[in-house]
Amino acid sequence: MSPDPPEIAEYERLDEARRDGIGEEDNPIPLWFNVGFYGCIVFGILYIIWYTLLSDWSSASMYAAEVSAAKQEYAAASPAPAETNPYHGDAAAIAEGAETFKTICAACHKPDGSGLVGPSLVDPYWKYGHSDKDLFTTVAEGRPGGMPAWKPLLGTDKIWKVLAYVETLPKSDQPGVGAPGYAAPGTTAPTAAAPGTAAPGS
Ligand code: HEC
């Protein structure tokens with residue numbers, strides 16, 4: 001068995017200047033390279049100073065500017081809803097609203113509005129108020145107790161129309177489903193609605 005070959009580091013170094021026709025030289029670094037190299041460093045330092053101290057540009061402020069521009073665009077595209085229902089008593093709008101009510105709202109509020117899962121819409125009690133604006137907000141944005149937001153589906157116009165229809169539903173002066181003091185049929189009626197809860201009729 002032949003002895004192990006020596007480790008690479010143990011080979012004798014071949015120190016002649018040219019091996020394989022390739023030589024190692026020690027030429028001065030060309031000026032263009034040094035100019036570029038140090039130029040980059042100087043530029044970097046100046047840029048950091050300019051960016052952090054002198055310019056007020058930052059990705060955060062750029063983001064904030066874009067967000068506020070988008071908000072303005074959004075506000076311009078969807079003007080604040082009217083404070084009052086433009087369709088009070090408008091027969092065509094009410095007919096359209098009736099369709100919407102039957103297809104969507106009746107499932108929870110009953111076709112006559114007397115309430116089922118959702119509260120009665122024909123009793124004198126309004127948990128969230130019954131000004132046009134309150135009602136619009138309720139239907140457009142929903143309410144935490146299980147009332148979904150309908151604006152994405154219906155849009156402003158159809159919400160006003162369905163509310164114009166709700167106004168035409170025959171009203172009751174008794175507390176209905178969802179009102180304090182409401183007694184489900186067959187149970188004992190409480191003596192009176194809790195004080196301060198019943199809003200004056202609508
Ligand atoms: C999925 C069932 C459901 C549907 C569908 C639904 N609602 Fe409601 N609605 C509710 C519930 C539940 C509440 C009570 C929310 C609360 O108390 O926070 C409510 C509350 C309301 C109120 C507020 C009543 C008050 O006392 O202030 C109004 C007005 C109303 N709904 C109108 C509508 C209209 C109009 C539609 C059709 C576009 C509709 N709802 C569709 C479940 C529904």
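Two residues count as in contact when their C-beta atoms, placed from the backbone, lie within 7 Å. The views below show a predicted model.

**View 1. Overview of the chain.**
The chain holds five helices and two strands. From the N terminus on, their order is β-β-α-α-α-α-α. There are 202 residues in the chain, and 17% of them count as buried. Take the contacts in the chain with a separation of 6 or more: residues 24 or more positions apart account for 62% of them.

**View 2. V166 and its contacts.**
V166 touches F101, G113 and L121. That list leaves out residues up to four places away in sequence. V166 also belongs to the largest nonpolar core, shown next.

**View 3. The largest nonpolar core.**
This core has 17 residues. Those that touch the most other members are I159, V162, L163, A164, Y165 and V166. Three elements give two or more residues to the core: α3, α4 and α5 (151–168). The largest share comes from α5, with seven residues. In soluble globular proteins, nonpolar side chains tend to be buried together.

**View 4. Packing of α3 against α5.**
The two helices pack at an angle of about 95°, and their axes are 7 Å apart. Angles of 65 to 115 degrees count as roughly perpendicular, so α3 is roughly perpendicular to α5. On the α3 side, the contact is made by A93, I94, E96, G97, A98, T100, F101 and C105. On the α5 side, the contact residues are L154, K158, K161, V162, A164, Y165, V166 and T168. By class, the contact of α3 with α5 has ten nonpolar, three polar and three charged residues. F101 of α3 and V166 of α5 both take part in this contact, and V166 touches F101.

**View 5. A95 on helix α3.**
A95 lies in helix α3. Within 10 Å of A95 there are 12 other C-beta atoms. A count of 12 or fewer makes a residue exposed, so A95 is exposed. The partner shown here is Y165, 70 residues apart from A95 along the chain. The C-alpha atoms of A95 and Y165 are separated by 7.3 Å. Y165 is on the α5 side of the helix contact, and Y165 is also one of the core residues that touch the most other members.

**View 6. The shell around the ligand.**
The shell around the ligand has 24 residues. C105, C108, G118, G145 and G146 come nearest. The elements that give two or more residues to this shell are α3, α4 and α5. Helix α3 gives the most, with five residues. By class, the shell divides into 17 nonpolar, five polar and two charged residues. C105 has a second role in these views, as part of the contact of α3 with α5.

**View 7. K110 in the loop after α3.**
K110 lies in the loop between α3 (91–109) and α4 (132–141). K110 is not a glycine, yet its phi is positive, at about 70°. There are 19 C-beta neighbours inside 10 Å of K110. A residue is buried at 20 or more, so K110 counts as partly exposed.

**View 8. Y128 and its contacts.**
Y128 also has its place in the loop between α3 and α4. Y128 has 13 C-beta neighbours inside 10 Å, so Y128 counts as partly exposed. Leaving out residues up to four places away in sequence, Y128 touches D134, T138 and R143. Y128 and R143 are 15 residues apart along the chain, and their C-alpha atoms are separated by 8.6 Å.

Definitions and conventions
Residues numbered from 1 in each chain as written. Predicted model: local features only at pLDDT ≥ 70, side-chain atom pairs only at ≥ 80, totals over all residues. Helix = DSSP H or I, 4+ residues; strand = E, 2+ residues; numbered from the N terminus. Core = buried A, V, L, I, M, F, W, Y, C linked by C-beta atoms within 7 Å. Near = placed C-beta within 6 Å. Nonpolar A, V, L, I, M, F, W, Y, C, P; charged D, E, K, R; others polar. Axes fitted to C-alpha atoms, helices over the stretch in contact; angles between N-to-C directions. Parallel < 35°, antiparallel > 145°, perpendicular 65-115°, else oblique.
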